[in-house]
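This report introduces a protein structure to a reader who has not met it before. The sequence and the model are shown first.

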Amino acid sequence: MDKELFELGLSKRKATLGSDYVEKNLEAADDFNEDFQKQMTEWCWGFGWGDDTINEKTRSMMNLTMIAALGKMDEWEIHLKGALTNGVSKDEIKSILHVIAIYCGVPQGVECFKIARKVLENVGEI
């Protein structure tokens, strides 16, 4: 494990998803998934999100579309919250949802709109 890349990833992960969420996941890790949690933090968040070529807001917008295309709705909700943290506006989310519906299909757009409404209501945006 690259300790420096892990620490960078940990800081990026916490900044986007929130310290409480990240710490909860790391503390819940056991012999079965601890290596995965560490590698994912190092690789996805350290190597991927640690590259300053693309800013966090743009990266969050990209992630929303890719995760929607994969149909991973629990992850989509988590990353929608992170996108708000990274400065993605309600209007930008609405435009992203339109693109998701066009390229991933209307049923996927409907699912994403449902989740987005819940999240935006929880943060007082709707």
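The text below moves from the overall fold to the nonpolar cores and then to individual residues.

**Overall form**

The structure is a predicted model. The protein contains seven helices and zero strands, and its pattern along the sequence reads α-α-α-α-α-α-α. The radius of gyration is 15 Å, close to the 14 Å that the globule rule gives for 126 residues, so the protein is as compact as a globular protein of that length. Taken along the principal axes, the C-alpha atoms fill a box of roughly 40 × 30 × 30 Å.

Of the 126 residues, 35% are buried. Among contacts with a separation of 6 or more, 63% are between residues 24 or more positions apart. The exposed area of the protein is about 7700 Å², and 54% of that area comes from carbon and sulfur atoms. The protein carries 15 positive and 22 negative charges, and the mean positions of the two sets are 7 Å apart.

**The nonpolar cores**

In soluble globular proteins, nonpolar side chains tend to be buried together. The largest nonpolar core of this protein has 17 residues; those that touch the most other members are Trp 76, Leu 80, Ile 93, Leu 97, Ile 100 and Cys 112. At least two residues of this core come from each of the helices α4 (56-70), α5 (73-85), α6 (90-104) and α7 (106-122). Helix α7 gives the most, with five residues.

Leu 97 shows some of the contacts of one core member. When neighbours within four places in sequence are left aside, Leu 97 is in contact with Trp 76, Cys 112, Phe 113 and Ala 116. A second core, separate from the largest one, consists of eight residues, including Leu 10, Leu 17, Val 22 and Trp 45.

**Selected residues**

The table lists the relative accessible area of four residues.

| Residue | Relative accessible area | Class |
|---|---|---|
| Asn 86 | 16% | buried |
| Gly 105 | 22% | partly exposed |
| Gln 108 | 17% | buried |
| Ile 115 | 9% | buried |

Two of these residues belong to loops. Asn 86 is located in the loop between α5 and α6. Its relative accessibility of 16% is under 20%, so Asn 86 counts as buried. Apart from residues up to four places away in sequence, Asn 86 touches Thr 16, Trp 49, Glu 56, Lys 57 and Ser 60. Gly 105 is found in the loop between α6 and α7. Because its relative accessible area of 22% lies between 20% and 50%, Gly 105 is partly exposed. The C-alpha atoms of Gly 105 and Ala 69 are 8.9 Å apart in space, while the two residues are 36 residues apart in sequence.

Helix α7 holds Gln 108 and also Ile 115. With neighbours within four places in sequence left aside, Gln 108 is in contact with Ala 68, Gly 71, Met 73 and Ile 100. On the same basis, the contacts of Ile 115 are Met 73, Trp 76, Glu 77 and Leu 80. From C-alpha to C-alpha, Ile 115 and Glu 77 are 6.5 Å apart, with their positions 38 residues apart in sequence.

Notes: Residues numbered from 1 in each chain as written. Predicted model: local features only at pLDDT ≥ 70, side-chain atom pairs only at ≥ 80, totals over all residues. Heavy atoms only, no water. Core = buried A, V, L, I, M, F, W, Y, C linked by side-chain atoms within 4.5 Å. Buried < 20%, exposed > 50% of the residue type's maximum accessible area, 1.4 Å probe, protein only. Helix = DSSP H or I, 4+ residues; strand = E, 2+ residues; numbered from the N terminus. Contact = heavy atoms within 4.5 Å. Rg over C-alpha atoms; globule rule 2.2 N^0.38 Å. Areas by Shrake-Rupley, 256 points an atom, 1.4 Å probe, with all protein chains shown as cover. Lys, Arg positive; Asp, Glu negative; His and termini not counted. Charge placed at Lys NZ, Arg CZ, Asp CG, Glu CD.
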